[in-house]
Amino acid sequence: MEQFRREFLADISHELKTPIFAAQGFIHTLIDGAKDDERVRDKFLQKAAKSLDGLDALVADLLTLSQIEAGEIKMHRERVDLVKVTHEVIEQLEPRANQREIKVKLHTPQDQIFVKADAYRISQALTNLIDNAIKYGRDGGKVNVTFTEDKKDWEIEVKDDGPGIPPEHLNRIFERFYRVEKSRSKEKGGTGLGLAIVKHIVNAHKSKITVMSRVDKGTTFSFKLDKIEEKLAGF
Ligand code: ADP
């Protein structure tokens, strides 16, 4: 436990230092004279802002993760319309997908699907998975979100046709701060915590997240949620 705590602190300090160090560098260079050149000024201000946005995302993810790990966040499992939640997530991420000409599609056999879940947390998990599929997918690619009915549950699948993840990394990607390509994740604004958060949320729903991936073909993440049978009115 003590070693875990030490490693966690060391990891966090390192991750925090990177964006702080970058923003600090740009701002000091501006103060030292770069501000007088208009083009350099705009470029450096934008870079400093990007680093601080990254810092903001990192702190938000750290907070979520530590709250979930400490068990402070109780899942409020209630009747949730999966279709509605997923549409909202896709809508939010659409501008990012459009930037890279990626088509995100939802395949659902019904207009409404009711599951027992914490709406906010499931929306957060779906956001992380679909955001990754867009972030790491290929330009002009496809992201398909599919719901499949089982006896007791609904399976949710998020599939991309991006570069995939080499098999030797597959069982480590859910660890906090684990990245397959460090520079690529950072350049894309990743915090390295997205999948760790997804895993915690899915586990808190007494379910499991699985991943299948083939290099150059794409990656599929999936998990199940308990279904709620709709009682027919009048029976
Ligand atoms: P990050 O903030 O770096 O995206 P995540 O925890 O969300 O962190 O993901 C961990 C790593 O797993 C990423 O850095 C990336 O290398 C890899 N990864 C996640 N999703 C995908 C995907 N859909 N396709 C390819 N690689 C992925």
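At roughly what angle do the axes of helix 1 and helix 2 cross? In this predicted model, helix 1 spans residues 2-31 and helix 2 spans residues 38-69, and their axes cross at roughly 160 degrees. The two axes come within 8 Å. Angles over 145 degrees count as roughly antiparallel, and helix 1 and helix 2 are therefore roughly antiparallel to each other. Helix 1 passes helix 2 in a left-handed crossing. On the side of helix 1, the residues making this contact include Phe8, Ile12, Leu16, Pro19, Phe26 and Leu30. Helix 2 contributes, among others, Phe44, Leu45, Ala48, Leu52, Leu55, Val59 and Leu62. Sorted by character, the residues of this contact comprise 18 nonpolar, two polar and three charged. Glu15 of helix 1 is one of the contact residues, as are Arg41 and Lys47 of helix 2.

Helix 2 also meets a second partner, helix 6, which covers residues 194-204. Here the axes come within 10 Å and cross at roughly 30 degrees. Since angles under 35 degrees count as roughly parallel, helix 2 and helix 6 are therefore described as roughly parallel to each other. Their crossing is left-handed. From helix 2, the contact involves Asp61, Thr64, Leu65, Ile68 and Glu69, while helix 6 supplies Gly194, Ala196, Ile197, His200 and Ile201. This set of residues divides into five nonpolar, three polar and two charged.

Taken together, helix 2 is roughly antiparallel to helix 1 and roughly parallel to helix 6.

Terms used:
Residues are numbered from 1 along each chain as its sequence is written. This is a predicted model: local features need pLDDT of at least 70, side-chain atom pairs count only at pLDDT 80 or more; totals for chains, interfaces and linings use all residues. Side-chain values use heavy atoms; hydrogens and water are left out. Axes are lines fitted to C-alpha atoms, for helices over the stretch in contact, and angles run from 0 to 180 degrees between N-to-C directions. Helices (H or I, at least four residues) and strands (E, at least two) are DSSP runs, numbered from the N terminus. Angles under 35 degrees count as roughly parallel, over 145 as roughly antiparallel, 65 to 115 as roughly perpendicular and the rest as oblique. A crossing is left-handed if the near helix is turned anticlockwise from the far one by less than a right angle, and right-handed if clockwise. Contact means heavy atoms within 4.5 Å. Ala, Val, Leu, Ile, Met, Phe, Trp, Tyr, Cys and Pro count as nonpolar, Asp, Glu, Lys and Arg as charged, and the others, Gly among them, as polar.
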